[in-house]
Amino acid sequence: MASVQRSSQTKGLTSPAGERHVSLAGVIVLACSAGVLATAIALDQLREAVGDPLWLLTGVIPGLVTCVLAALSGQIVVADQATLTIPNKLLMRAACVVAVAVVAALAVGMMRDDGSAPPLVWPAIAAVLPAVLLLVFWWIEPGACGAGDVKLCGVIGVAVVPFGQEPLARAGVLLLFLAAALALQNLQRIRNCASEGAAGPWLLGGGWAAHIFLSR
């Protein structure tokens, strides 16, 4: 009887670790899948830029930015899943990479529009709108997400929203994907009876899904 009790106790102690291992493995698989999709998008951007006089700005830089952001996304996923925090250094790196893409897009707009500055007010407002709404959500329900998630949402907004027509509509699409991602994360947290969970991987998944959807 004692041996049976010891074996059942050992099983109870090792089960949560096994569940965490499986969960982390699933997150890594999803991150690798996002990297493959990002590489495919980058190659498609390079293909479309062939023959363009501004191929360096319209193809090479966006492709490199997409690949680097995919790599940073994987690092953010692993860090948030392990510690429930998103390191500021990773967010700063992602923000700097996105800034390179924004500068390249502005340069293309100015060169193709006889040097006149493109309108920036509405794209800027639309880009920060998802982060502002998540900030309000965080203020109302602090346990639902963290400060790092709000900052990550700001980076995602700037990375997805300004690059295309109708920035407000693009912001609306991104918000739908992010809301769905947070809803799924909340359902998983309820299912696991956990008081808190990593929202970063889900936000990144929603951001990449919105980017792929809006790129077509």
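In the predicted model, Leu 84 touches Ala 79, Glu 196, Gly 197 and Ala 198, when residues up to four places away in sequence are left out of the count. Leu 84 is located in the loop between H2 and helix H3, the latter spanning 88-112. With a relative accessible area of 39%, Leu 84 is partly exposed, because the value falls between the 20% limit for buried residues and the 50% limit for exposed ones. The backbone of Leu 84 has a positive phi of about 60°, although Leu 84 is not a glycine. Leu 84 is also paired in space with a residue far along the chain: 116 residues separate Leu 84 from Gly 200 in sequence, whereas their C-alpha atoms are 8.5 Å apart.

The overall fold provides the setting for these contacts. The protein contains seven helices and zero strands, and its pattern along the sequence reads α-α-α-α-α-α-α. Of the 216 residues in the protein, 35% are buried. Among contacts between residues at least 6 apart in sequence, 64% join residues that are at least 24 apart.

Two helix pairs that share H6 were examined. The first pair consists of helix H4, residues 121-140, and H6, whose axes come within 9 Å and cross at roughly 20°. H4 and H6 are therefore roughly parallel to each other, because an angle under 35 degrees is placed in that class. The crossing of H4 with H6 is right-handed. On the H4 side, the contact is formed by Trp 122, Pro 123, Ala 126, Leu 129, Pro 130, Leu 133 and Leu 134; on the H6 side, the partners are Pro 167, Leu 168, Ala 171, Leu 174, Leu 175, Leu 178 and Leu 182. By class, this contact between H4 and H6 comprises 14 nonpolar residues, with no polar and no charged ones.

The second pair consists of helix H5, residues 147-160, and helix H6, residues 167-191. The axes of H5 and H6 come within 10 Å and cross at roughly 140°. H5 and H6 are therefore oblique to each other, since the class of roughly antiparallel requires an angle over 145 degrees. H5 and H6 also cross in a right-handed sense. In this contact, H5 contributes Cys 153, Ile 156, Gly 157 and Val 160, while H6 contributes Arg 170, Leu 174 and Leu 178. The residues of the contact of H5 with H6 divide into five nonpolar, one polar and one charged. Leu 174 and Leu 178 of H6 thus appear in the contact with H4 and in the contact with H5.

The loop between H5 and H6 holds Glu 166. Glu 166 has a positive phi of about 50° and is not a glycine. At 57% relative accessibility, Glu 166 counts as exposed, because the value is over 50%.

Within H5, attention was given to Asp 149. Asp 149 is buried, with a relative accessible area of 8%. A polar atom of the Asp 149 side chain lies 2.8 Å from the backbone nitrogen of Gly 146. Beyond residues up to four places away in sequence, Asp 149 touches Asp 80, Ile 86, Leu 134, Ala 199, Gly 200 and Leu 203. One of these partners, Leu 134, also belongs to the H4 side of the contact with H6. Another, Gly 200, is the residue whose C-alpha lies 8.5 Å from that of Leu 84.

Two further buried residues were considered, one in H6 and one in H2. Ala 181 is found in helix H6, where it is buried with a relative accessible area of 7%. Not counting residues up to four places away in sequence, Ala 181 touches Trp 202, Leu 203 and Gly 206. Leu 203 is likewise among the residues touched by Asp 149. Ala 181 and Leu 204 are 23 residues apart in sequence, and the distance between their C-alpha atoms is 8.7 Å. Ser 73 lies in helix H2, which covers residues 55-83. With a relative accessible area of 10%, Ser 73 is buried. Its contacts, again not counting residues up to four places away in sequence, are with Leu 204 and Trp 208.

Key. Residues are numbered from 1 along each chain as its sequence is written. This is a predicted model: local features need pLDDT of at least 70, side-chain atom pairs count only at pLDDT 80 or more; totals for chains, interfaces and linings use all residues. Side-chain values use heavy atoms; hydrogens and water are left out. Axes are lines fitted to C-alpha atoms, for helices over the stretch in contact, and angles run from 0 to 180 degrees between N-to-C directions. Helices (H or I, at least four residues) and strands (E, at least two) are DSSP runs, numbered from the N terminus. Angles under 35 degrees count as roughly parallel, over 145 as roughly antiparallel, 65 to 115 as roughly perpendicular and the rest as oblique. A crossing is left-handed if the near helix is turned anticlockwise from the far one by less than a right angle, and right-handed if clockwise. Contact means heavy atoms within 4.5 Å. Ala, Val, Leu, Ile, Met, Phe, Trp, Tyr, Cys and Pro count as nonpolar, Asp, Glu, Lys and Arg as charged, and the others, Gly among them, as polar. Buried means under 20% relative accessible area, exposed over 50%, partly exposed in between (1.4 Å probe, protein chains only). A polar contact is a pair of N or O atoms within 3.5 Å; within protein, one must be able to donate a hydrogen and the other to accept it, and residues adjacent in sequence count only if both atoms are side-chain atoms.
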